[in-house]
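Please open the structure in your viewer and keep a selection tool at hand. The stops below go from one selection to the next, with a short account of what is found at each.

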Amino acid sequence: MPLWLDLTVRVVAVVAAFLVLPLIVGQTEHKVMAHMQSRLGPMYAGAYHGWAQLVADGVKFVQKEDITPRAVDKPVFKLAPIVGLLPYLAVLMVIPLGPNDLVAAPLDVGLFLVLAVVGIGIVAVLMAGWSSANKYTLMGALRAAAQLLGYELPFVLAAASVAMAAGTLSLTGIVEAWQPWWLLWQAPAAIVFFIAGLAEIRRPPFDAPIADSELVFGFMTEYSGLRFAFFLLTEYVGIVVIAALTTVLFLGGWRGPFDEYLGWLWTLMKVGAVSFVVIWIRVAYPRLRVDQLQKLCWTVLVPVALAQLVLTAAVKVLA
């Protein structure tokens with residue numbers, strides 16, 4: 001296959017996943033929450049179990065008026081949703097879907113790129129809050145930034161533990177080095193990584209920065225129409241990315257029976273299962289206060305991640 005055609009196929013595949021998978025997760029969230037909360041409204045938008053709910057939501061956002069307040073910093077205000085969305089596209093480029101380099105960009109330092117790019121979300125939050133010229137949006141942005149900066153540390157430490165165990169920063173290399181007994185050995189790091197990932201994408205119970213009962217809707221207060229929809233899309237893309245990273249780092253990625261032929265299917269099934277857990281947690285747990293957020297991060301997750309890192313280092317040295 002010519003190089004230009006190979007690159008085109010890889011880019012198209014990643015963009016398709018970037019656009020389709022978050023929509024599937026969003027549709028699934030409607031259905032799962034409806035069943036768990038006995039709230040059957042999403043079952044009536046279209047026949048066959050409400051298949052048109054996602055279409056109805058899309059039409060709703062398109063019809064809403066796109067309002068830009070007079071006092072905002074317009075270039076920064078309009079750019080913030082895009083800055084928050086595009087880093088996840090870069091992350092999907094290095095996620096291995098299967099063996100034999102079934103990945104858009106097989107980098108030797110893929111994990112390093114992921115950890116660097118995910119942090120850009122803090123910039124988008126601050127851009128949205130500051131440019132809105134609203135003291136409440138700024139307060140929400142600062143709270144979100146404090147949360148994101150705090151949870152970056154256990155997020156990185158947990159990822160560093162599994163990278164140390166595998167001896168590589170390549171996501172493909174980590175999957176190839178993965179062993180089933182890592183499910184127990186790296187279990188604390190997996191739990192820390194997953195919880196910190198939820199906080200990174202501001203999913204419940206870590207959604208205090210956008211708690212509408214406290215600070216209107218945080219840094220997104222002044223957004224409407226499609227720009228607001230972009231922020232929601234960022235949340236669902238974040239679910240896919242966190243589920244994919246958890247799968248690749250801690251659940252063996254494409255590893256499974258007949259993985260040489262069905263590796264891509266194992267990856268998608270594991271990503272779907274982790275995404276379901278994310279939705280389940282939203283329904284099951286109440287929102288944490290800001291002080292509870294910080295206490296969980298600095299007194300629980302960071303010490304556990306550090307202890308797991310030391311344990312991994314000791315096992316590697318002794319082995």
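A residue is called buried here when its relative accessible area is under 20%, exposed when it is over 50%, and partly exposed in between. Please keep in mind throughout that this is a predicted model.

**Stop 1: a buried arginine and its partners**

Select R203 to begin with: its relative accessible area is 0%, and because buried means under 20%, R203 counts as buried. Now add E29, whose side chain meets that of R203 in a salt bridge with an N to O distance of 2.5 Å. The two residues come from distant parts of the chain, E29 from helix α1 (residues 3-36) and R203 from the loop between α10 (187-200) and α11, and they are 174 residues apart. E29, at 3% relative accessibility, counts as buried.

Next select E235, which forms a salt bridge with R203 in which the closest N and O atoms are 2.6 Å apart. This pair also links distant parts of the chain, with E235 in helix α11 and R203 in the loop between α10 and α11, 32 residues apart. Is this pair buried or exposed? Both E235 and R203 are buried.

**Stop 2: a second bridge from the α10-α11 loop**

Move to D207 and R287, which form a salt bridge whose closest N and O atoms lie 3.0 Å apart. D207 is in the loop between α10 and α11, whereas R287 is in the loop between α12 and α13 (290-318), so the bridge ties together parts of the chain that are 80 residues apart in sequence. D207 counts as buried at 11% relative accessibility, while R287, with a relative accessible area of 33%, is partly exposed. Widening the selection to E29, R203, E235 and R282 shows residues joined into one network by salt bridges that share partners. The structure holds six salt bridges.

While the loop between α10 and α11 is in view, select P205, which is placed in that loop. A cis peptide bond, with omega of about 5°, joins P204 and P205. For context, most peptide bonds are trans.

**Stop 3: the largest nonpolar core**

Select L111, Y151, F155, L171, F193 and L249, which touch the most other members of the largest nonpolar core, a set of 66 residues. The largest share of this core, 13 residues, is contributed by helix α11 (residues 225-250). Apart from this core lies another, of 21 residues, and A80, A141, A229 and F231 are among its members.

Centre the view on F155 and show its surroundings: leaving out residues up to four places away in sequence, F155 touches L115, V118, F193, A196, G197, E200, I242 and L245. Then colour helix α5 (residues 110-118), where the buried residues are G110, L111, V114, L115, V117 and V118. Which helices do these buried residues pack against? They pack against α4 (74-93), α6, α7, α8 (171-177), α10 and α11.

**Stop 4: two buried serines**

Select S161 in helix α7, which is buried, with a relative accessible area of 0%. Its side chain makes a polar contact of 2.9 Å with the side chain of T312, and, not counting residues up to four places away in sequence, S161 touches Q186, A189, Q308, L309 and T312.

Then go to S132, found in the loop between α6 (121-131) and α7 (135-166), which counts as buried at 2% relative accessibility. The side chain of S132 reaches the backbone oxygen of A128 at 2.6 Å. Leaving aside neighbours within four places in sequence, S132 is in contact with V72, F77, T137, F219, E222 and Y223. In the loop between α6 and α7 you can also select A133, which has a positive phi of about 55° although A133 is not a glycine.

**Stop 5: a nonpolar patch on the surface**

Finish on the surface by selecting L97, L102, F258, Y261, L262, W264, L265, L268 and M269, which form a nonpolar patch with about 890 Å² of accessible area together. Within it, pick out F258, in the loop between α11 and α12 (259-284), which at 65% relative accessibility counts as exposed. F258 has a positive phi of about 55° although it is not a glycine.

Notes
Residues numbered from 1 in each chain as written. Predicted model: local features only at pLDDT ≥ 70, side-chain atom pairs only at ≥ 80, totals over all residues. Heavy atoms only, no water. Core = buried A, V, L, I, M, F, W, Y, C linked by side-chain atoms within 4.5 Å. Buried < 20%, exposed > 50% of the residue type's maximum accessible area, 1.4 Å probe, protein only. Helix = DSSP H or I, 4+ residues; strand = E, 2+ residues; numbered from the N terminus. Contact = heavy atoms within 4.5 Å. Patch = residues over 30% accessible without salt bridge, like charges linked within 9 Å, V, L, I, M, F, W, Y side chains within 5 Å. Areas by Shrake-Rupley, 256 points an atom, 1.4 Å probe, with all protein chains shown as cover. Salt bridge = Lys/Arg side-chain N within 4 Å of Asp/Glu carboxyl O. Polar contact = N/O pair within 3.5 Å; in protein donor to acceptor, adjacent residues only side chain to side chain.
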